[in-house]
Amino acid sequence: MTSAAGEEEFYKMSTQKPLVIGIAGGSGSGKTSVTKKIHHVFKEHSVVVIEQDFYYKDQSHLEFEERLSTNYDHPLAFDTDLLIEDIEKLLIRQSIEKPVYDYELHTRSHKRIAIEPKDVIILEGILILEDKRLRNLMDIKLFVDTDADLRIIRRILRDINERGRTIESVIDQYMSVVRPMHNQFIEPTKRYADIIIPEGGHNEVAIDLMVTKIKTILDSGNDL
Ligand SMILES: Nc1ncnc2c1ncn2[C@@H]1O[C@H](COP(=O)(O)OP(=O)(O)O)[C@@H](O)[C@H]1O
Ligand SMILES: Nc1ccn([C@@H]2O[C@H](COP(=O)(O)O)[C@@H](O)[C@H]2O)c(=O)n1
C-alpha cells in the first residue's frame, strides 16, 4: 500500500465480516462450474472456495470394498461439524487446514490445504442447504437447478474421465442411491435458496448478476 487511502481500503477489506455464498444443487448440475466462474472474477479480490465434498467423513479405517457401499448422497456421509468449525474460523479471520478428498479411494487423502481467511467464502456442495446451522452461516444461498437427464449425462462423462469410474458403476450408483437421495434430500432444499439458477455454468446472465451483487456488498463494507 502506498497511500493513506490505499491503507484505509486494505484495513476495511481485512476486518469486515467475510461474505458467505452457498452454492447448492444436484450432482452434475453445474455447481463447480458456477463457482469457478465467480472465483475467476474475484480471485484478486480474495475469494476462498470450500467444497462440501472435501468434508466427507474419513473412511481410511474401512477396507476399500466397504467404502464402496457408503451412501455418499446422505447428509450423514459428511463431517458437517468439521465443516462448520472451519467456516466459523474463516469468519473470524483464522486460517484453516482444508481436508482433501480422493474420489478414487473414497476417503480423505493424507494431504491438507492451508487456507487463509478471505473476504468472500464460497461454500459449494449437494447438501449444504440441508443443515440449518450451515444455512445460518450463509449470506446468499443459490441453487443450481438442472434437469436430471442432463445431470446424469454430465456425471457419467465426468466420473469416467475424472473419478476413475466405469459406466456400469455410475449408472448403478445413480439408480440405487443418487436419484432417490436427490429426491429425498437435495431437491427439497431448493426452497431455502434466495436465487435459483437454471442450467448452471453456462448461465452468463445469472453469473453476471451474482458478480454485481457481490461487488456491491463488498464495496459497501458488507453491512448485511
Ligand atoms: N452447461 C454445461 N454444459 C455442458 N457440460 C457442463 C455444463 N456445466 C457443467 N458441465 C460439465 O458437467 C460436469 C459436471 O459439472 P460440475 O460443474 O462439476 O457440476 P457439479 O459440481 O454440480 O457436480 C463437468 O464435467 C462439467 O464440465
Ligand atoms: N466417494 C465418493 C464420494 C462422492 N461421490 C458422489 O459425488 C457426488 C457429489 O459431488 P458432485 O461434484 O457431483 O456434486 C455425490 O452425488 C456422490 O454420489 C461418489 O460417487 N463417491
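**Reading helix α2 and the ligand shells in a predicted model**

Mentor: In this predicted model, the buried residues of α2 pack against five strands and a helix: β1 (19-25), β2 (47-51), β5 (120-124), β6 (140-145), β7 (195-198) and α8 (204-219).

Trainee: Which residues of α2 are buried?

Mentor: K31, T32, V34, T35, K37 and I38 are the buried residues of α2.

Trainee: How many ångströms should α2 span, and how far apart are its end C-alpha atoms?

Mentor: The expected span is 1.5 Å times one less than the number of residues. For the 12 residues of α2 that gives 16 Å, and the end C-alpha atoms lie 17 Å apart, so the two values agree.

Trainee: Which residues come nearest to ligand 1?

Mentor: Of the 15 residues around ligand 1, the nearest are K31, T32, S33, R154 and H202. Two or more shell residues come from each of α2 (31-42) and α6 (148-162). By class, the shell around ligand 1 holds 1 nonpolar, 10 polar and 4 charged residues.

Trainee: Which residues surround ligand 2, and how do they divide by class?

Mentor: The residues around ligand 2 include K31, T32, D53, Y56, Y103 and H106. The shell of ligand 2 divides into 5 nonpolar, 4 polar and 3 charged residues.

Trainee: What confidence does the predictor give?

Mentor: The protein has an average pLDDT of 90, and 91% of the residues score at least 70. Residues 1-12, however, have a pLDDT below 50, and this stretch makes 4 contacts beyond near neighbours in sequence. Where pLDDT is low, predicted coordinates should not be read in detail. For the complex, the ipTM is 0.98 and the pTM 0.92.

Key. Residues are numbered from 1 along each chain as its sequence is written. Chains are lettered from A and ligands numbered from 1 in the order in which they are written. This is a predicted model: local features need pLDDT of at least 70, side-chain atom pairs count only at pLDDT 80 or more; totals for chains, interfaces and linings use all residues. A residue is near a molecule or strand if its C-beta atom, placed from the backbone, lies within 6 Å of it. Ala, Val, Leu, Ile, Met, Phe, Trp, Tyr, Cys and Pro count as nonpolar, Asp, Glu, Lys and Arg as charged, and the others, Gly among them, as polar. pLDDT is the predictor's confidence in each residue, from 0 to 100. Two residues are in contact if their C-beta atoms, placed from the backbone, lie within 7 Å. Helices (H or I, at least four residues) and strands (E, at least two) are DSSP runs, numbered from the N terminus. A residue is buried if 20 or more other C-beta atoms lie within 10 Å of its own, exposed if 12 or fewer, and partly exposed in between; C-beta atoms are placed from the backbone.
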